Amino acid sequence: MSKPQQGHRARKRFGQNFLHDPQVIQNIIQSIAPEKDQLIAEIGPGLGALTEGLANSGCQLKLIELDRDLVSKLELHYTHTDNVDIHPGDALKFDFGSLSSAPHSLRLVGNLPYNISTPLIFHLINYVNIIQDMHFMLQKEVVQRLAAEPGNKNYGRLSVMVQYYCDVDYLFTVGPGAFNPAPKVDSAIVHLRPRKTISLIANDTEKLEKLIKQAFAQRRKTLRNNLKTLLSSEQIESLEIDPGARPETLSVNQYVALANLLSEN
Ligand code: SAM
């Protein structure tokens, strides 16, 4: 697949923006640093911009691609490559547990279609126990939200949920010119590493999700206001959290403590 754009018209509905800048591709592969025999799944390999560098490392590479035309091209190209398997289908429905059951054994990578990036991250959270790490290209704003710390304007529901499970690093920004067709927005590479130990464990992660959603329902309002159907001011104060605080000022552990209080009720 040496000439990526040849014979394929990019499909908007599949979020197809193909990487073509060799320097950017090299920087991404260097950040991933794939190694022989590692189990790596690439989501949305497309025309193979990242796939080649990954496959050449000798890793055990699993490709998950939705577009059937691209699957045919990938099959043609990789039929004789022992370390590459192709899984046609939707990454949002893919059972990543079918690739491995060993703890922290699976590496995930992908220049993700932007329209599915947030639901996909929530789907992947179900598999954090088997995941070693994830390198994804996403819309820059989404990476900013993933990596934001308390007090930052980008800190919100996505930051708290993902940081509960993972350490998050914003690696670098990629401009629109690196893609064909060029997207309208900047992109960035994020590195997510599922935590091997979680400092404060949520007793019920569904409650945590519910509480966070409610807490950030109206960012300009106070916790007391946003959480009034779930917890009283006295209950919030019992954890030494100010009910008059804005939702973006609380740490992940403070949200876990609130969710644990909710699950005790
Ligand atoms: N990795 C290639 C690159 O960097 O040039 C392509 C990236 S393009 C932004 C996103 C890729 O994800 C496309 O190949 C698209 O067909 C594929 N895709 C879109 N939705 C998908 C889904 N739900 N599951 C798996 N792949 C999907």
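This is a short dialogue on how to read some features of a predicted model.

Me: Where do I start with the whole chain? What is the count of helices and strands?

Reply: Start with an inventory of the elements. This chain has 10 helices and 9 strands. Then look at the overall dimensions: its radius of gyration is 20 Å, close to the 18 Å that the globule rule gives for 265 residues, so the chain is as compact as a globular protein of that length. Along the principal axes, the C-alpha atoms fill a box of roughly 65 × 40 × 30 Å.

Me: How much of the chain is buried?

Reply: Of the 265 residues, 47% are buried. You can also ask how far apart in sequence the contacting residues lie. Among contacts with a separation of 6 or more, 65% join residues 24 or more positions apart.

Me: Let's take one helix. Is α4 largely enclosed or largely open?

Reply: Count its buried residues, where buried means under 20% relative accessible area. In helix α4 (residues 117-125), 7 of the 9 residues are buried, so the helix is largely enclosed by the rest of the structure. Those residues are Ser-117, Leu-120, Ile-121, Phe-122, His-123, Leu-124 and Ile-125.

Me: Which elements do the buried residues of α4 pack against?

Reply: They pack against the strands β2 (39-43), β5 (106-111) and β6, and against the helices α5 (140-147) and α6.

Me: Now for a pair of helices. At what angle do α6 and α7 pack?

Reply: Look at the directions of the two axes and the distance between them. Helix α6 (residues 157-165) and helix α7 (residues 205-215) pack at about 155°, with axes 9 Å apart. That angle is over 145 degrees, which makes α6 roughly antiparallel to α7. Their crossing is right-handed.

Me: Which residues meet there?

Reply: From α6 come Arg-157, Val-160, Met-161, Tyr-164 and Tyr-165, and they meet Thr-205, Leu-208, Glu-209, Ile-212 and Lys-213 of α7. Sorted by kind, the residues of this contact are 6 nonpolar, 1 polar and 3 charged.

Me: Last, how do I read a single residue? Where is Gln-132?

Reply: Place it in its element, then check its exposure and its partners. Gln-132 sits in strand β6 (residues 131-139). Its relative accessible area is 33%, so Gln-132 is partly exposed.

Me: What is Gln-132 in contact with, leaving aside neighbours within four places in sequence?

Reply: Its contacts are Gln-38, His-104, Ser-105, Leu-106, Arg-107, Arg-193 and Pro-194. Compare sequence and space too: Gln-132 and Lys-196 are 64 residues apart in sequence, with 9.4 Å between their C-alpha atoms.

How values were computed
Residues numbered from 1 in each chain as written. Predicted model: local features only at pLDDT ≥ 70, side-chain atom pairs only at ≥ 80, totals over all residues. Heavy atoms only, no water. Axes fitted to C-alpha atoms, helices over the stretch in contact; angles between N-to-C directions. Helix = DSSP H or I, 4+ residues; strand = E, 2+ residues; numbered from the N terminus. Parallel < 35°, antiparallel > 145°, perpendicular 65-115°, else oblique. Left-handed = near helix turned anticlockwise from the far one by under 90°. Contact = heavy atoms within 4.5 Å. Nonpolar A, V, L, I, M, F, W, Y, C, P; charged D, E, K, R; others polar. Buried < 20%, exposed > 50% of the residue type's maximum accessible area, 1.4 Å probe, protein only. Rg over C-alpha atoms; globule rule 2.2 N^0.38 Å.
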